[in-house]
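Dear colleague,

I am handing over the structure we spoke about, and my notes on what was found in it follow below.

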Amino acid sequence: MDFFNKITFIGLGLIGGSMAAALKRRGYKGEICGYDALPDSREEAKKMGIIDHGANTLQEAVAEAELVVLCTPIAAYPQILRKTAPFLRREAILTDVGSVKGCVGELVNQHVHRDIQFIGGHPMAGSEKGGLKAASATLFENAYYFLTPGQHTARETVTKLESFVKAIGAYPVVVGQREHDKITARISHIPHLAAVLLTNLLDHEGGINSVAFAGGGFRDTTRIASGNPAMWKDIFFYNKEEILLGIESLESMLKEFRELLKEKQEGKVLDLLNKAKFIRDGVPKGMPDYMPPLFDIVVDVEDRPGVLGELTRLIGENHMNIKEIEILHAREGEQGAVRMGFATAMEQKQAFSVLRGGGFPRTYMKGEKNDAYSESC
Ligand SMILES: NC(=O)C1=CN([C@@H]2O[C@H](COP(=O)(O)OP(=O)(O)OC[C@H]3O[C@@H](n4cnc5c(N)ncnc54)[C@H](O)[C@@H]3O)[C@@H](O)[C@H]2O)C=CC1
Ligand SMILES: O=C(O)C(=O)Cc1ccc(O)cc1
């Protein structure tokens, strides 16, 4: 990484800000320069100490930069590339973080001289929140990071970018631009579309409002639908061909499933469920999550005024932070249940002991045998 004396980030939002922060945290010694269309973001990034210099113009930003990283929405690339291309150093490497890669390769071919080394990039880590405030120095830790060289990308450029990716804590994976778009359509873009449609199903054809009853299963399958709508709109259109192919596959799978149900083909439905379980169980664990999972506890409580206050006071007094709290409506009768989500397994355990010893003996960890959660879902 020492071979880059100056790195410039264009776009200091979630991804650009997180990259600059990761480099600083991991001891990068060269100069980090940042440019953003919003002057406030440049000033804020400087105050946060994640950039050394906030440039006032694109020309100033790329001057002397040995690595330039585009971290804006892809829609801004044509204008940025037109303005910066004449001022890039001859030896500079240009890269980007856009979620679709085929279209980016084409844009760079149109606007940038082929003497400039370009290699596309795409970190497979993010957040539903955008902007510099959501940036985190650890966002890319243990995440895969696609690198997509073009026809004119030198081997040395690939090697240098691999070092950059490792320097921010991620794992580089080199693939072709079109191959990248096929892979991400399957693992990220189509799942996002499915999550959006499943969420909107709750509001389809003016049906009853079932949001209040949505439990763990609904939350797990639709979590990513909270992602940045403008960014996902762009992703769907920039990767349109692959998304259309994915939709065709989904359509034919739904049709097939409809027929199996109609014809009471229980064996085939079971095969299909087993196949999904096998594939899903094989998804690697330990990778960073888009929105990290919470560590839940469930408390059976009496249905009386003030009980929620007592629970939250006990947690607060013991310096723990409840990330999510939910009343489980599914149980009828004299008892109610409250689910609380914590950020870490340690906090979950601590909350469990504090509540059990603090007048709530029917406190359970999620997944514990006969816990209220599994009964009610
Ligand atoms: N958010 C996510 O989960 C992920 C996003 N990406 C990609 O990263 C890119 C950036 O996304 P985020 O950082 O999430 O967005 P963001 O909205 O947090 O940040 C974008 C930044 O670019 C700035 N900007 C916009 N137009 C500009 C222009 N013409 N000149 C200079 N600055 C400009 C904005 O002011 C903003 O600060 C997108 O292309 C997205 O596809 C990639 C992986 C994950
Ligand atoms: O969707 C996912 O799998 C994520 O983990 C978050 C994410 C969103 C957009 C991207 O381009 C890359 C990653």
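Why does Cys103 not form a bond with the closest cysteine sulfur? Please keep in mind throughout that this is a predicted model. The sulfur of Cys103 lies 15 Å from the closest cysteine sulfur, which belongs to Cys71, and that is too far for a bond, because a disulfide would need the two sulfur atoms within 2.5 Å. Cys103 is buried, its relative accessible area being 14%. Cys33 tells a similar story: its closest cysteine sulfur is also in Cys71, at 12 Å, again too far for a bond, and Cys33 is buried as well, with 0% relative accessibility. In total, the structure holds zero disulfides.

The other topic is ligand 1. It is surrounded by 28 residues, of which the closest are Leu14, Ile15, Asp36, Ser99 and Gly131. By class, this shell comprises 16 nonpolar residues, 11 polar ones and one that is charged.

Several backbone atoms come within polar contact of oxygen atoms of the ligand: a polar backbone atom of Leu14 is 2.8 Å from one, a backbone N or O atom of Gly131 is 2.6 Å from one, and for Ser127 the corresponding separation is 3.3 Å. Taken alone, ligand 1 exposes 830 Å², and the protein buries 85% of that area. As for secondary structure, the elements that contribute two or more residues to the shell around ligand 1 are helix H1 (14-25), helix H4 (77-84) and strand E6 (117-123).

With best regards

Note on methods: Residues are numbered from 1 along each chain as its sequence is written. Chains are lettered from A and ligands numbered from 1 in the order in which they are written. This is a predicted model: local features need pLDDT of at least 70, side-chain atom pairs count only at pLDDT 80 or more; totals for chains, interfaces and linings use all residues. Side-chain values use heavy atoms; hydrogens and water are left out. Buried means under 20% relative accessible area, exposed over 50%, partly exposed in between (1.4 Å probe, protein chains only). A residue is near a molecule or strand if one of its heavy atoms lies within 4 Å of it. A polar contact is a pair of N or O atoms within 3.5 Å; within protein, one must be able to donate a hydrogen and the other to accept it, and residues adjacent in sequence count only if both atoms are side-chain atoms. Accessible areas come from the Shrake-Rupley method with a 1.4 Å probe; for residues, only the protein chains shown count as cover. Helices (H or I, at least four residues) and strands (E, at least two) are DSSP runs, numbered from the N terminus. Ala, Val, Leu, Ile, Met, Phe, Trp, Tyr, Cys and Pro count as nonpolar, Asp, Glu, Lys and Arg as charged, and the others, Gly among them, as polar.
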